[in-house]
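Colleague: I'm new to this structure and would love a close look at one part of it. Could you take me through the enclosed space inside and then show me what surrounds that part?

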Amino acid sequence: MKTLIKFAVACTILGAGCANTAGQAYKPGDYRGTIDSFSDFVSRYSLPDWPVPSEIRYFDPSGGKAETIRYAHWIPTQANRSGVVVHFNGRTEFIERNVYTYRDLLQRGFEVWSMDWRGQGFSARQVSEKQKHSIDTFATYVADATYFVKNVVKLDQQSGKKILLAHSMGGQIALRLLLEEEGSKLFDYAVLSSPLLRIPDDSWYLRLANKAKVSTFFGDSCVLGKSATWASDLEPNTSCSVIKDGLTGKLVDPDDARNYSNDMKKLAETNCLVESSRDSKGKIEPDLRVACPTSNWLNAAFQSTDLVMETAEKLTTPTLIVRAKPDRAVDNTGQTDFCSKARIRCEDIGIVNKTQTGHELLIELQPIRELFFKHFDAFVGLTK
């Protein structure tokens, strides 16, 4: 057994086409974000809890046929249909990262729709360096989201409960959508997990320094202290071996990783997906790697969080915020202030079974996820 494990690890590190324990081969560049790739990944790594979507396609809000925004769609199998959930993921994330959430929603009878934001996942980039995360304005995200909900999901034609579920940066974009007159009429409920409502360490100095970079043609450079190259949470080139061969994973920076999730299995699966996607469509086209936010992104985030806070009292869609507390990825005080201004509930999830909850509530250990869904079910009127 030890010989087999050493062989598998060596194959992964070398990127060679070695056969795994299921008789299949692994090499970087295998994962292309298609249904065939998804199904193969599920089979290759024996992931029965991963529901395969009914479709993975692209849409272009400008009306062209380019591969601009990637989306996926799941349909529940049971006869008792509860409604539809549209999911907005967070910064650097991609459709597949929240697959366990889609499973849980399908089990509740929900049809599920999700997308890769412009600038991440397999969606188009705004800068030539595909691992940098940049955006001109969050209004671009809102326009993409509005097109998706109205013209792809066709939410007005859906039956049952219409729910917007959004995480972190996706929560910020969700509120931008809901605070618009048209967007306020789209959903019956919104549930936001750890939404971005204030940037950590927000200060006049940080804003001024970042604004100076933007105005002096350095807007597409990384924010200070962040790398332009994606790096795995696990020791390099080991994440696929962890899920394939049942190895014990070793985190590169345990404290940082646990700020986001304490679930090693989910972290390994996500990192394996990213590693498998490297340059799968060529050196220029997008893959799942996303690293630093640029100064343009940060400037746009400051503008958007300010706007949402200024207009919080206009929120009419029944909305619940469930957050990790404390949270080092976003500033909890922004969530507290917004809940007060919008007169909505903030539910905290802190230490669960002696484990401090990370920012990624829905990619966490199961007891933490169960607490989240307890709040979700009660808020949207579900009984299980």
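Modeller: Happy to; what follows starts at the largest cavity and then moves outward to salt bridges, covered and open stretches, and some backbone details. Please keep in mind that this is a predicted model.

Let's begin with the idea behind the search. Rolling a probe the size of a water molecule over the atoms shows where empty space is left. Here the count comes to two cavities of 30 Å³ or more, and the largest cavity has a volume of about 50 Å³. Which residues line the largest cavity? They are Trp50, Glu96, Arg97, Val99, Tyr100, Lys266, Glu269, Thr270, Leu273 and Ile363. By character, this lining divides into five nonpolar residues, one polar residue and four charged residues. Two helices, H3 (99–107) and H9 (264–277), each supply at least two residues of the lining. Of the contributors, H9 gives the most, with four residues.

Helix H3 also leads us to a salt bridge. Side chains of opposite charge can pair when their charged atoms come close. Aspartate 49 and arginine 103 do this through their side chains, at 3.6 Å from N to O. The pair links distant parts of the chain, since aspartate 49 is in the loop between helix H2 (35–44) and strand E1 (55–59) while arginine 103 is in helix H3, 54 residues apart. The two ends differ in cover: arginine 103 counts as buried because its relative accessibility is 16%, under the 20% limit. Aspartate 49, at 39%, counts as partly exposed.

That bridge is one of 30 salt bridges found in a search of the whole structure. Now follow the chain past the other cavity helix, H9, to another group of charged side chains. Aspartate 279 meets lysine 283 in a salt bridge of 3.4 Å, N to O. Aspartate 279 is partly exposed, with a relative accessible area of 26%, whereas lysine 283 counts as exposed at 69%. Aspartate 279 also meets arginine 289, in a salt bridge of 3.0 Å, N to O. Both aspartate 279 and arginine 289 lie in the loop between H9 and helix H10 (295–310), so this pair ties together parts that are 10 residues apart in sequence. Arginine 289 is buried, with a relative accessible area of 11%. Through shared partners, salt bridges join Lys130, Asp279, Lys283, Asp287 and Arg289 into one network.

Next, how much of helix H5 is covered? This helix, residues 169–178, has 10 of its 10 residues buried. Among them are Met169, Gln172, Ile173 and Arg176. Another covered residue is valine 149, which lies in helix H4 (residues 138–152) and counts as buried at 0% relative accessibility. Valine 149 is 15 residues from leucine 164 in sequence, and their C-alpha atoms are 10.0 Å apart in space.

For a contrast with those covered places, turn to helix H6 (residues 204–215), where tryptophan 204 is found. Is tryptophan 204 buried or exposed? Tryptophan 204 is exposed, because its relative accessible area is 66%, over the 50% cut-off. Together with Tyr205 and Leu208, Trp204 forms a nonpolar patch on the surface, and the accessible area of the three is about 450 Å².

A few backbone details round off the tour. Most residues other than glycine have a negative phi, and most peptide bonds are trans. Against that background, lysine 154 has a positive phi of about 55° although it is not a glycine. You will find lysine 154 in the loop between H4 and strand E5 (161–167), where it is partly exposed, with a relative accessible area of 40%. Phenylalanine 217 has a positive phi too, of about 70°, and is not a glycine either. Phenylalanine 217 sits in the loop between H6 and helix H7 (239–245), and it counts as exposed at 80% relative accessibility. Finally, the peptide bond from lysine 325 to proline 326 is cis, with omega near 0°. Proline 326 belongs to the loop between strand E7 (319–324) and helix H11 (332–342).

Definitions and conventions
Residues are numbered from 1 along each chain as its sequence is written. Side-chain values use heavy atoms; hydrogens and water are left out. On a 1 Å grid over the protein atoms alone, a cavity is a set of points where a 1.4 Å probe fits but cannot get out, and a pocket is an open set with protein on both sides within 12 Å along at least five of seven lines; lining residues have an atom within 4 Å of a point. Grid points are joined across faces, edges and corners, and a volume is the space filled by probe spheres set on the points. Ala, Val, Leu, Ile, Met, Phe, Trp, Tyr, Cys and Pro count as nonpolar, Asp, Glu, Lys and Arg as charged, and the others, Gly among them, as polar. Patches are made of residues with over 30% relative accessible area and no salt bridge: like charges are joined within 9 Å, nonpolar side chains (Val, Leu, Ile, Met, Phe, Trp, Tyr) within 5 Å. Accessible areas come from the Shrake-Rupley method with a 1.4 Å probe; for residues, only the protein chains shown count as cover. A salt bridge is a side-chain nitrogen of Lys or Arg within 4 Å of a carboxyl oxygen of Asp or Glu. Buried means under 20% relative accessible area, exposed over 50%, partly exposed in between (1.4 Å probe, protein chains only).
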